[in-house]
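Here is a walk through a protein model, written for someone who likes to turn the structure while reading. Keep the viewer open and follow along.

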Amino acid sequence: MQIPFLDLRTQYQQLAEQLEHRVLHVLRSGQYILGPEVEAFENRAAQYLGVADAIAVSSGTDALLMALMGLGVGPGDEVLVPDFSFVATAMVVARVGATPVFVDVEPDTLTIDVQQAAAKVTQKTRAIIPVHLYGQMADMDAVLQLAREHDLWVIEDAAQAFGAEHRSGRKAGTLGTIGCFSFYPTKNLGAAGEAGLIATNDPALAARLRIIRNQGQEYRYDSTVIGGNFRMDAVQAAILNVKLPMADRWNQQRQQLAHTYRRLLEQAGLVEHPHRPIRLLNVRYADSQAVFPHVYHQFVVLAHRRDALRQFLAQQGIETQVYYPVPFHQQQCFSQYPSIADPFPVATAVAQQVLALPIYPGLSLAAQQAIVQAMKQFYDA
Ligand SMILES: *Cc1c(COP(=O)(O)O)cnc(C)c1O
């Protein structure tokens with residue numbers, strides 16, 4: 001059975017008529033950058049997230065970069081980041097001339113270990129960037145408490161968690177100072193090109209970010225601060241305006257697929273096996289009022305002999321991915337930062353174990369059964 005890791009064409013076909021209609025409208029309008037389509041998306045996103053302001057931008061990476069620029073983080077400042085995430089989370093800190101301080105992650109969720117973050121706070125620490133990895137939130141209660149104690153900005157990297165909820169029901173990306181989202185096509189809410197979003201409840205910060213988005217121009221040809229070209233184009237906004245109303249349904253389907261994976265892996269004995277070849281990650285807030293405690297942007301397990309398993313699955317036509325094979329402290333581009341000398345036992349170990357299985361609305365039960373069956377075959381051999 002051929003099972004691709006992700007098939008974006010299925011999602012497109014589901015909405016083809018609406019998407020084509022709306023994109024054609026943009027093409028005919030002659031308004032291609034920002035404008036009414038982008039404003040409509042900003043309003044819709046702000047309402048969905050429950051924030052005062054949503055600013056549509058050029059990518060998730062740019063959202064994070066702008067957040068640091070908007071808060072004035074720069075040379076001499078330190079920013080706490082998890083050691084285990086997509087590289088953009090830490091690279092933006094380096095790009096503004098500040099120092100990323102790497103923090104190990106919790107073994108059960110792979111999100112930033114806040115107790116260890118607390119031990120790394122210094123006089124220079126200005127901000128913390130919790131990452132809501134794979135679609136579930138970092139321990140935001142602890143993050144916010146730490147931020148209050150030390151007067152830190154909280155920049156949520158919610159690139160993988162559009163629609164995820166804190167136990168209070170508040171959405172990922174709306175609890176800190178700024179929330180950053182990505183709509184890269186493979187994300188759980190994806191555009192048809194590069195796109196991102198910033199959410200904030202601080203009106204002065206929102207105004208500054210809108211200026212930064214457009215070359216620091218407060219008025220045309222009057223640049224008051226250093227900015228960049230961080231604008232969203234109208235075609236991406238048109239796509240997102242069609243897809244946003246589907247987000248909850250898609251996230252719910254992802255949850256159901258994750259539930260099925262857990263059940264199948266347990267039934268196959270891979271989790272309770274004496275050697276426990278597969279370890280499942282924990283779901284935070286699973287027993288709370290939150291409808292979407294985890295939106296499963298990815299379904300990731302920790303697998304014994306991961307690389308051999310992955311190769312075996314590939315031979316059976318089953319595509320998997322590794323998010324992420326190299327922790328930040330081992331990345332060459334970060335070799336100048338002192339915190340790389342610290343121990344990172346969890347990030348180092350899980351980088352060898354994480355395995356992402358296919359998960360997307362439309363993935364069939366037969367495909368999930370075939371995947372788990374193949375995993376069982378590998379470990380039984
Ligand atoms: C995708 C992603 C980003 C970057 O988003 P882009 O839109 O690709 O620039 C940042 N952080 C995390 C955790 C991501 O998954």
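The paragraphs below go from the strands to the ligand, then to a helix and the loops around it.

Before we start, please keep in mind that this is a predicted model.

Let us begin with strand β7, residues 196–200. Is this strand enclosed or open to the outside? Five of its five residues are buried, so β7 is largely enclosed by the rest of the structure. You can check this face by face: Gly-196, Ile-198 and Thr-200 are buried on one side, and Leu-197 and Ala-199 are buried on the other. Now look at the strands paired with β7. Strand β1, residues 53–57, runs antiparallel to β7 and is joined to it over five bridges. To find your bearings there, pick out Ala-54, whose bridge partner in β7 is Ala-199. Strand β6, residues 178–182, is also antiparallel to β7, with four bridges between them. Here a good pair to display is Phe-181 with its bridge partner in β7, Leu-197.

Another set of pairings involves β4, and these strands run parallel. Strand β2, residues 78–82, is linked to β4 by three bridges, and one residue pair to look for is Val-79 with Ala-127 of β4. Ala-127 is worth keeping on screen, since it also has Trp-153 as its bridge partner in β5. The pairing of β4 with β5, residues 153–157, is parallel and consists of two bridges.

Just ahead of β4 is a lysine to pause at. Lys-120 sits in the loop between α5 (114–119) and β4 (125–128). Is Lys-120 buried or exposed? Its relative accessibility is 17%, and because the limit for buried is under 20%, Lys-120 counts as buried. Beyond its neighbours within four places in sequence, Lys-120 is in contact with Leu-80, Val-101, Phe-102, Val-103, Thr-125, Asp-342 and Phe-344.

Next, turn to the ligand. It is surrounded by 14 residues, and the closest are Thr-61, Asp-157, Gln-160, Ser-182 and Lys-187. Which protein atoms meet its polar atoms? From the backbone, an N or O atom of Gly-60 is 2.8 Å from a ligand oxygen atom. From the side chain of Thr-61, an N or O atom lies 2.5 Å from an oxygen atom of the ligand. A nitrogen atom of the ligand, in turn, is 2.8 Å from a polar side-chain atom of Asp-157. As for how much of the ligand is covered, it exposes 380 Å² when taken alone, and the protein buries 93% of that.

Now move along the chain to helix α10, residues 306–315. Its buried residues are Arg-306, Leu-309, Phe-312 and Leu-313. Why do they line one face of the helix? Viewed down the axis of α10, they fall within an arc of 125°, so they share one face. The general rule behind such a pattern is that an α-helix has 3.6 residues a turn, so residues three or four places apart point the same way. On the face of α10 turned away from the buried side you will find the exposed residues Gln-311 and Gln-315. Among the elements covering the buried residues of α10 are β11 (299–303), β12 (354–357) and α12 (365–380).

The stretches around α10 have some backbone details to inspect. In the loop between β11 and α10 is Arg-305, a non-glycine residue with a positive phi near 55°. With a relative accessibility of 46%, Arg-305 counts as partly exposed. After α10 comes Gly-317, where phi is positive too, near 85°. The loop between α10 and α11 (345–350) holds Tyr-324, which is joined to Tyr-323 by a cis peptide bond with omega of about 10°. Val-322 is found in that loop as well, and at 13% relative accessibility Val-322 counts as buried. Leaving out residues up to four places away in sequence, Val-322 touches Arg-306, Arg-310, Ala-351 and Val-354.

One more backbone stop is Tyr-285, in the loop between β10 (278–280) and β11. Tyr-285 is not a glycine, yet its phi is positive, about 65°. At 9% relative accessibility, Tyr-285 counts as buried.

Technical notes:
Residues are numbered from 1 along each chain as its sequence is written. This is a predicted model: local features need pLDDT of at least 70, side-chain atom pairs count only at pLDDT 80 or more; totals for chains, interfaces and linings use all residues. Side-chain values use heavy atoms; hydrogens and water are left out. Buried means under 20% relative accessible area, exposed over 50%, partly exposed in between (1.4 Å probe, protein chains only). The arc is that of the directions from the helix axis to the C-beta atoms. Contact means heavy atoms within 4.5 Å. A residue is near a molecule or strand if one of its heavy atoms lies within 4 Å of it. A polar contact is a pair of N or O atoms within 3.5 Å; within protein, one must be able to donate a hydrogen and the other to accept it, and residues adjacent in sequence count only if both atoms are side-chain atoms. Accessible areas come from the Shrake-Rupley method with a 1.4 Å probe; for residues, only the protein chains shown count as cover. Two strands pair if DSSP finds at least two bridges between them.
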